[in-house]
Amino acid sequence: MYNSDLYNAIKEHYERNEINIFISHSWRYKKEYEKIKRWIDEEYSIKWKNYSIPHDKPVGASSTRELAKNITNKINLTHCVIIASGMYVSHSEWIDYEINEALRLGKSIIAIKPWGNERVPSIISNNTEIIQVNWNRSSLITEIKKSAK
């Protein structure tokens, strides 16, 4: 027999425990961003809200300063920031900004090291506050759950 009280308790707990995530990305690396998003979407034990700047709805910023403010506002609402460290080389200015803002705001940062990457940027490898995981779904999901506690 189905226990509606138990179901309602689980549903309420699940809804209360939404994890807010900002995934750093560049339009050039849409495939990697979509894969990370899919990994999180497919995890039944995570209810999440995506605070990333979507490809189809870029932030309408008229200046670099306004874009920075919009990014900071989004990061401020999250539990964690996910960085695919392989994108770092060609977009270091904005990734530096996102990492520094996340650190300043006390957010967890999870850096994913893509398959085949031997090197990790020094801003990531030299910072003990940044959690590093390999390009692996279960490692990422584990760290996301830890960030929400």
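In this predicted model, the count of aromatic pairs comes to 2. In one of them, the rings of Trp39 and Trp135 have centres 5.0 Å apart and planes at 50 degrees, so this pair is tilted. A tilted pair is one whose planes are neither under 30 degrees apart, as in stacked rings, nor over 60 degrees, as in edge-to-face rings. The pair links distant parts of the chain, since Trp39 belongs to helix H2 and Trp135 to the loop between S5 and H6, 96 residues apart. Both partners are shielded from the surroundings by the accessibility criterion: Trp39 is buried, with a relative accessible area of 9%, and Trp135 counts as buried at 10%.

The other aromatic pair consists of Trp94 and Tyr97 and is edge-to-face, with 5.8 Å from centre to centre and 80 degrees between the planes. These residues are 3 residues apart in helix H4 (residues 92–104), and therefore about one helical turn separates Trp94 from Tyr97. Trp94 is partly exposed, at 25% relative accessibility, and Tyr97 is likewise partly exposed, at 24%. The limit for a buried residue is under 20%, so neither value qualifies.

Tyr97 also takes part in contacts with another helix. Thr72, which is placed in helix H3 (residues 64–76), is in contact with Tyr97, Glu101, Arg104 and Leu105, when neighbours within four places in sequence are left aside. Thr72 has a relative accessible area of 12% and is therefore buried.

Two of the residues that Thr72 contacts, Glu101 and Arg104, are themselves joined by a salt bridge, in which the closest N and O atoms are 2.9 Å apart. Both lie in helix H4, 3 residues apart, or about one turn of the helix. The two ends of this salt bridge are set apart by their accessibility: Glu101 is buried, with a relative accessible area of 11%, whereas Arg104 counts as exposed at 56%.

Across the whole structure, the search finds 5 salt bridges. Another of these joins Glu43 to Arg137, with the closest N and O atoms 3.1 Å apart. This pair links distant parts of the chain: Glu43 is in the loop between H2 and strand S2 (48–50), Arg137 is in helix H6, and 94 residues separate them. Glu43 is buried, with a relative accessible area of 10%, while Arg137 counts as partly exposed at 27%.

A further salt bridge is found between Glu143 and Lys146, whose closest N and O atoms are 3.4 Å apart. Both residues lie in helix H6, 3 residues apart, which corresponds to about one turn of the helix. Glu143 counts as buried, at 14% relative accessibility. In addition, salt bridges that share partners join Glu43, Arg137 and Lys145 into one network.

Helix H6 (residues 137–147) was examined further for its buried positions. Glu143 is one of its buried residues, together with Leu140, Ile141, Ile144 and Ser147. Seen down the axis of H6, the buried residues fall within an arc of 165 degrees, so they line one face of the helix. The elements against which these residues pack are strand S1 (19–24), helix H2 (30–41), S3, S4 and S5. Helix H2, one of these packing partners, is also the helix that holds Trp39 of the tilted aromatic pair.

Three of the strands that pack against the buried residues of H6, namely S3, S4 and S5, are connected by strand pairing. Strand S3 (residues 80–84) and strand S4 (residues 108–113) run parallel and are joined by 5 bridges. Within this pairing, Ala84 stands opposite Ile112 in S4. Strand S4 also pairs with strand S5 (residues 130–134), again in the parallel sense and over 5 bridges. Here Lys113 stands opposite Asn134 in S5. Strand S4 is thus paired with S3 and with S5.

Key
Residues numbered from 1 in each chain as written. Predicted model: local features only at pLDDT ≥ 70, side-chain atom pairs only at ≥ 80, totals over all residues. Heavy atoms only, no water. Pairing = 2+ DSSP bridges. Helix = DSSP H or I, 4+ residues; strand = E, 2+ residues; numbered from the N terminus. Buried < 20%, exposed > 50% of the residue type's maximum accessible area, 1.4 Å probe, protein only. Contact = heavy atoms within 4.5 Å. Arc of directions from axis to C-beta. Phe/Tyr/Trp six-rings, centres within 6.5 Å; stacked < 30°, edge-to-face > 60°. Salt bridge = Lys/Arg side-chain N within 4 Å of Asp/Glu carboxyl O.
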